[in-house]
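Let's take a walk through this model, strand by strand and then helix by helix. Keep the viewer open as you read.

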Amino acid sequence: MHLCDFNISNLRCISQTSVELDKGINLIIGENGSGKTSFLEGIYLLATGKSFSAVKRRDLIRDGTCRMGVAGVFVSSFGLESKIKLEKSYSETNYTLQGQSVRKTSDVAAKIPILVGNSRAADLLTDSPKARRDLLDRTAFHVKPSFLSIWQELRRALAQRNNVLKSGYSSNQLCYWDKLVSEKSNEMDAYRKEIVDKVNYFLTKSTLKEELGDVSFDYYSGWDTNFPLLQHLTSNRESESRIGYTLYGAHRADLRIRVAGKSGAKRLSKGQLKSVAFESIIALHEYISENGPAKPIFLVDDLSAELDNVKQRRLIGKILRLSGQKVLSSIQPDIMEFLDNEGHKVFHVKQGNIT
Ligand SMILES: Nc1ncnc2c1ncn2[C@@H]1O[C@H](COP(=O)(O)OP(=O)(O)O)[C@@H](O)[C@H]1O
Ligand SMILES: [Mg+2]
């Protein structure tokens, strides 16, 4: 999958731009504050309907204007085109795929695999479990087409179960939802375990071992798997009813990094966290490329911060060798040294203008 024609209007500091991206490597070069992150943000917004930097709606819209828009054509490896458009005003969002309104952003997200490596990547390892679960689940969407509907069914079942718990439950009413939560959680669990195993395998092959020792993820299902989930759900109804939500299930899963036999990200320095985060995202990329129907689009926003020169160069080299479309931003034009004769384009950004 790659993004071909791409248009931006009034996104942060970018007033209007229209580019044709390369299906291989794209470098976005510009000084600090020139609009590199905004450009990558535009691609991510188009592919997912969401901001990767958690920027608020009003901050996405260029000052002095009342509406931003991004539009583009994504092309699959079979040449099938998906035309996507996203517009945001201060109060409304209009998101369309082939001219039809998109009801759920997850429907588009499941179609277009996209991964981001940016200054927030390291936070993934230290933030709440939700960020890691979301990344794992987005990876699953791109590889197992049935994962999305299982995930949606689990969410619906949990919402219903929580409603029953809150409204003074009866065992009869809960039985149905207990069974459904247990069934869908177990299906998601099996998919997620498979991904974590593969990602751990790719991590063993990365150069992290030389730097830090063995690095892998420990996966927690969201319940004590020594007992069936159904048992946890049926035997904890009273305490769950008091707090009003379901305490056990795939929605409570987590991933924790293990480095040289010790669990926990807090032991690592900022630079080490960034190395581990980038290698983990690369491992997800390799997993999706090998197992999914489409190769991911990889957005890399200014890799340089907190990494020494040797690590930067190693990571950039590795990212550029990955299959699929890559869009990398950099302050330093010397990133161009990495390019060989294979397909690439270089864009220069100056005060929101891209050439
Ligand atoms: N809503 C907005 N309207 C106009 N300019 C904005 C808006 N939001 C951010 N900017 C400006 O955009 C620039 C930041 O662009 P950014 O894409 O982060 O640059 P880079 O990644 O190249 O450092 C800053 O100068 C910032 O003040
Ligand atoms: Mg930036």
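Start with strand β1 (residues 2-11) and strand β4 (residues 67-75): they run antiparallel, with six bridges joining them. Helices and strands here are DSSP runs (H or I over at least four residues for a helix, E over at least two for a strand), numbered from the N terminus. Strands count as paired if DSSP finds at least two bridges between them.

A quick word on the ground rules: this is a predicted model, where local features need pLDDT of at least 70 and side-chain atom pairs count only at pLDDT 80 or more, while totals for chains, interfaces and linings use all residues. Residues are numbered from 1 along each chain as its sequence is written, with chains lettered from A and ligands numbered from 1 in the order in which they are written.

**The six-stranded sheet**

On its other pairing, β1 joins strand β2 (residues 14-20), again antiparallel and again through six bridges. The β1-β2 hairpin has two residues between the strands, and R12 takes a positive phi near 45° there. Some bridge partners worth clicking on, with one from another sheet:

| Residue | Opposite residue | Strand of the opposite residue |
|---|---|---|
| F6 | G72 | β4 |
| S9 | G69 | β4 |
| L11 | I14 | β2 |
| S216 | R258 | β10 |

Zoom out and you get an open sheet of six strands, ordered β2-β1-β4-β5-β6-β7, with antiparallel pairing. What stands at its edges? β2 and β7 (100-101) do, each with a single partner strand, so one side of each has no neighbour in the sheet. Helix α1 (residues 36-48) packs on this sheet and touches β1, β2, β4 and β5 (81-89), its direction making about 115° with that of β1. Contact means that C-beta atoms, placed from the backbone, lie within 7 Å. Axes are lines fitted to C-alpha atoms (for helices, over the stretch in contact), and angles run from 0 to 180 degrees between N-to-C directions.

**The three-stranded sheet**

There's also an open sheet of three strands, β9-β10-β11, with antiparallel pairing. Its edge strands, β9 (215-220) and β11 (262-263), each pair on one side only. Six bridges join β9 to β10 (residues 254-259).

**A helix pair**

Finally, helix α7 (residues 171-205) packs against helix α11 (residues 270-291) at about 115°, with the axes 9 Å apart. From α7 come I195, K198, V199, F202 and L203, which meet E279, S280, A283, L284, E286 and Y287 in α11. By class, that contact has seven nonpolar, one polar and three charged residues (Ala, Val, Leu, Ile, Met, Phe, Trp, Tyr, Cys and Pro count as nonpolar, Asp, Glu, Lys and Arg as charged, and the others, Gly among them, as polar).

Notes: Contact = placed C-beta atoms within 7 Å.
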